[in-house]
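Here's a quick walk through one protein chain, with an eye on how its strands and helices fit together. Have the viewer open as you read.

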Amino acid sequence: MVDLKSQYEKIKETVNASIQTVLDTNTYINGPEVYAFQKNLETYMGVKHVIPCANGTDALQIAMMGLGLQPGDEVITADFTFAATVEVIALLQLTPVLVDVDLVNMNISIDAIKKAITPKTKAIVPVHLFGRAANLDAIMDIANEHNLFVIEDNAQAIGANFTNRKGEKTKVGTIGHVGSTSFFPSKNLGCYGDGGAIFTNDDALAHTIRGIVNHGMYVRYHHDVVGVNSRLDSIQAAVLNAKLPLLDQYNSARQNAARKYSAAFEGHENIIAPMICDVCDCHVFHQYTLRIVNANRDALMQHLLDHEIPCAIYYPIPLHSQKAYKDSRYKEEDFPVTNQLIQEVISLPMHTELEDDQISFITKTVLDFFNK
Ligand SMILES: Cc1ncc(COP(=O)(O)O)c(C=O)c1O
């Protein structure tokens, strides 16, 4: 699904030199590379504060801790996403409230959020799934009306823009009260291990979070709040400093690959390709995910695997049906879209190094399946 080796070959010298600096100076934890990365990412994202941490799951957890959410507080999030989002809600003994998603953009449904709000609701966690911005205008309106926090899970969409109703373009992850991201190797900005970051424009929240990531310390050996050990290590920061200047180029490469895929599938009666908006730059294609309608998606998957084309079902089981998150509050009829998507979606290879001949082979193999 990804080709990290070819990507590395092209940037090997810069990355190796950046890592070598860490090895030469032995500053493995909280070294100057981490601070430099923090500053570089603040500039790129156009956000006041970036707090690097150990991974994207921690980033979400720490964001929720920083906001002071308390056991029993209800947190609304999408049913159709990776488990990390709901996992940290449950771990903090908050109450996850899973809601359905939208069929077109596969992100959290605005109507479903509205229906799920109760007096106990404290936060909404939109996930910018597969690289596409959720409808933040509508989500921020709901949050403002009901005095809720918005925590953007931006693990899959770093670099994507959201154009608000006034026409202003802002990086997703920086619009809610707090945002999180992941630098897992296959992410749009990936390091060579685990890594993550938290974004906020709120000075007080940033201060609180900087302590939480480091054992609750604001002054060495003074533990003012319960914290965690969640630091981005200097070697990962060195990799990210080398790769961040390439992020826009990487995202464009993904968007170009998506355009070529979608051109090949245009008008096909069984294939619904993801919407590509050339103007707003709201989709950075962490995944290129098709919906297969009135045809056998699983047979297509087997056909692709038989031709040695990697493909995947993101996600095969809705969170409300997962053993860990099942709850009698959930009714199947509340999740018609998620239940439909898990039957229809298939993701094709998507990365920065896709060549035209590879895309042609993949699209031809997909189309051949329907012409058999
Ligand atoms: C939507 C979403 N949220 C959170 C995470 C967690 O990130 P990490 O793997 O860095 O902990 C991921 C990672 O796959 C993700 O896709």
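What follows covers a sheet, the helices lying across it, and one helix elsewhere in the chain.

## The sheet

Keep in mind that this is a predicted model. Its 7-stranded sheet is open, with mixed pairing, and the strands are ordered β1-β9-β8-β5-β4-β2-β3. The edge positions go to β1 (49–53) and β3 (95–99); each has a single partner strand, so one side of each has no neighbour in the sheet. Going from one strand to the next, the twist averages 25°.

## Around β2

Take β2 (residues 74–78): 5 of its 5 residues are buried, so the rest of the structure largely encloses this strand. β2 pairs with β3 in the parallel sense, over 5 bridges, and Ala 78 has Val 99 of β3 as its bridge partner. To get from β2 to β3, the chain passes through helix α4 (residues 84–91), making a right-handed β-α-β crossover.

β2 also pairs with β4, again in the parallel sense, this time over 4 bridges. Here Glu 74 is matched with Thr 121 in β4. Moving on, β4 (residues 121–125) runs parallel to β5 (residues 149–153), and 2 bridges join them. Ala 123 sits opposite Phe 149 of β5.

## Helices across the sheet

Which strands does helix α3 lie across? α3 (residues 56–66) lies across β1, β4, β5, β8 (178–182) and β9 (196–200), and it runs at about 165° to β8.

Helix α7 (residues 203–212) lies across β1, β8 and β9. Its direction makes an angle of about 15° with β1.

## Helix α10

Now for α10 (residues 297–306), whose buried residues are Arg 297, Leu 300, Met 301, His 303 and Leu 304. Look down the helix axis and these buried residues fall within an arc of 160°, so they line one face of α10. The spacing fits a general rule: an α-helix has 3.6 residues a turn, so residues three or four places apart point the same way.

What covers that buried set? The cover includes β13 (288–292), α11 (336–344), β14 (345–348) and α12 (356–371).

The ends of α10 are worth a look too. At the N-terminal end, Asn 296 acts as a cap, with a side-chain oxygen 3.1 Å from the backbone nitrogen of Asp 298. After the helix comes Glu 308, which has a positive phi, near 60°.

Note on methods:
Residues numbered from 1 in each chain as written. Predicted model: local features only at pLDDT ≥ 70, side-chain atom pairs only at ≥ 80, totals over all residues. Heavy atoms only, no water. Pairing = 2+ DSSP bridges. Axes fitted to C-alpha atoms, helices over the stretch in contact; angles between N-to-C directions. Contact = heavy atoms within 4.5 Å. Buried < 20%, exposed > 50% of the residue type's maximum accessible area, 1.4 Å probe, protein only. Arc of directions from axis to C-beta. Polar contact = N/O pair within 3.5 Å; in protein donor to acceptor, adjacent residues only side chain to side chain. Right-handed = clockwise from strand over helix to strand, strands pointing away.
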